[in-house]
Amino acid sequence: MMIHTINWPNQKKIAVLLTFDVDAETAHAADPHNINRPSTLSMGTYGRRIGLNRILQMLKKHEVPATFFVPGATAELDPTVIERIMEHKHVIGHHGYLHKRTDIMTLEEEEAELVRGIEILQKHTGKSPIGYRAPLWEMSPNTPSLLKKYGFLYDSSLQADDVPYLIDAGQGKRLLEIPGTWLLDDWEQFAFSGDWTMPFSIEEPDKVFRLWKAEFDALYEEGRCFNLTMHPQLIGRASRIALVDQLIAYMKTKPGVWFTTGDELAKHWEKKTIEFDYIPNLDMPILFPSKTFTAHK
């Protein structure tokens, strides 16, 4: 299939999104197995207490925006998470309430988790979130219509392309998808636990820098979208935040890099200031029964 270039705003060549899932303790507490494991939970504590501060200082140094997806329970546990992010004027998106997988919930359970998260973010930010990322990226067939019902503009949980595309949200409505990929996620590189069932090993930062730089270079040449997903409890460690610092510095040497947020990108799409000159994935199988995928023209 032919790869087409996206016409990004202001003649930019590539869109770069730096996104952070501030799971904190909810990354582990959603599994009842971990409730009585203080050591495991403390990894999340480190993320919201130490890792988040390192991230915010690094972003301030480079003067680039970021999108932070925050579970409602994280905001309840530590309201300073929201306060610190807002102080630096970054975007806050919805990441569930207790970081539970939506694909194993009933419709009623999923809606309750979504609404609870919305209410908490409204309380602490003063407005409803317009961006969503499913916990563990596990969206259910009900998720798009629920997001549309509650006023979301975009989701960032799927992986069917490396540019934004539209998904069916039911009743003829569409939701913008800003796709990610496990390739550009720090969990597969750095997550580790005393629970030996976790199938990951701890990689060296230099190796991860090379991996992410290679993907950025390739997407840059094609004029696509680089959506990097990170977690403060992992990327917020000293040697790892240094690799992100190095990666951003490298990206800034390239002309035409648009450092943006999920909210900003979605609002450009809503105003039709981003043009898609092709329909992605026409030859791909339908992911949701009775639902179809299309593209913004």
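## Working through a predicted fold

Strand E1, residues 14–21, is where threonine 19 sits. Bear in mind that this is a predicted model. The exercises below start from that strand and move outwards.

### Exercise 1: Threonine 19

Task: find out whether threonine 19 is buried or exposed, and which backbone oxygen its side chain reaches.

Solution. Start with the accessibility. Threonine 19 has a relative accessibility of 2%, so it counts as buried, given that buried means under 20%. Next, look at the polar partner: the side chain comes to 2.8 Å from the backbone oxygen of leucine 228. Finally, collect the contacts beyond four places in sequence. For threonine 19 these are Thr67, Phe69, Arg133, Asn227, Leu228, Thr229 and Met230. Leu228, the residue that offers its backbone oxygen, is thus on the contact list too.

### Exercise 2: The nonpolar cores

Task: which residues of the largest nonpolar core touch the most other members?

Solution. The largest core holds 46 residues, and Leu18, Phe68, Trp212 and Phe226 are the ones that touch the most other members. Take Trp212 and list its contacts, leaving out neighbours within four places in sequence: Leu183, Leu184, Asp185, Asp186, Phe226, Leu228, Met230, Ile235, Leu243 and Leu247. Apart from the largest core there is another one, of 19 residues, including Ile130, Leu153, Leu166 and Ile178.

### Exercise 3: Phenylalanine 259

Task: where does phenylalanine 259 sit, and what does it touch?

Solution. First the address: phenylalanine 259 belongs to strand E9, residues 257–260. Then the accessibility: a relative accessible area of 15% puts phenylalanine 259 among the buried residues, because the cut-off for buried is under 20%. Now check a pair that is far apart in sequence. Phenylalanine 259 and proline 65 are 194 residues apart along the chain, yet their C-alpha atoms are separated by 6.7 Å. Last, the contacts: not counting residues up to four places away, phenylalanine 259 touches Val16, Leu18, Val64, Pro65, Ile248, Met251, Lys252 and Glu264. Leu18 on that list is one of the core residues from Exercise 2.

### Exercise 4: Helices H2 and H4

Task: how are the axes of H2 and H4 arranged, and which residues make the contact?

Solution. Two numbers do the job here: packed helices are described by the angle and the distance between their axes. For H2 (residues 38–62) and H4 (residues 80–87), the axes come within 11 Å and cross at roughly 5°. That angle makes H2 roughly parallel to H4, since angles under 35 degrees count that way. On the H2 side the contact uses Arg48, Arg49, Leu52, Asn53 and Leu56, and on the H4 side Val81, Arg84 and Ile85. Sorted by class, that gives 4 nonpolar, 1 polar and 3 charged residues.

Now zoom in on valine 81, which is part of H4. Its relative accessibility is 0%, so valine 81 counts as buried. The C-alpha atoms of valine 81 and arginine 49 are 8.3 Å apart, with their positions 32 residues apart along the chain. Beyond four places in sequence, valine 81 is in contact with Val22, Arg48, Leu52, Val70 and Thr74.

### Exercise 5: Three loop residues

Task: which side chain does serine 128 meet in a polar contact, and what are the phi values of lysine 89 and histidine 99?

Solution. Serine 128 lies in the loop between helix H5 (107–125) and strand E4 (131–132). With a relative accessible area of 34%, serine 128 is partly exposed. Its contacts beyond four places in sequence are Ile118 and Gln122, and the side chain of glutamine 122 makes a polar contact of 2.4 Å with that of serine 128.

Lysine 89, in the loop between H4 and strand E3 (91–94), has a positive phi of about 65° although it is not a glycine. Histidine 99, in the loop between E3 and H5, also isn't a glycine and has a positive phi, near 60°. Their accessibilities go opposite ways: lysine 89 counts as exposed at 74%, whereas histidine 99 is buried at 8%.

### Exercise 6: The whole chain

Task: how many helices and strands does the chain have, and what percentage of its residues count as buried?

Solution. The chain has 11 helices and 10 strands. Of its 297 residues, 55% count as buried. For contacts with a separation of 6 or more, 69% come from residues 24 or more positions apart.

Terms used:
Residues numbered from 1 in each chain as written. Predicted model: local features only at pLDDT ≥ 70, side-chain atom pairs only at ≥ 80, totals over all residues. Heavy atoms only, no water. Helix = DSSP H or I, 4+ residues; strand = E, 2+ residues; numbered from the N terminus. Buried < 20%, exposed > 50% of the residue type's maximum accessible area, 1.4 Å probe, protein only. Polar contact = N/O pair within 3.5 Å; in protein donor to acceptor, adjacent residues only side chain to side chain. Contact = heavy atoms within 4.5 Å. Core = buried A, V, L, I, M, F, W, Y, C linked by side-chain atoms within 4.5 Å. Axes fitted to C-alpha atoms, helices over the stretch in contact; angles between N-to-C directions. Parallel < 35°, antiparallel > 145°, perpendicular 65-115°, else oblique. Nonpolar A, V, L, I, M, F, W, Y, C, P; charged D, E, K, R; others polar.
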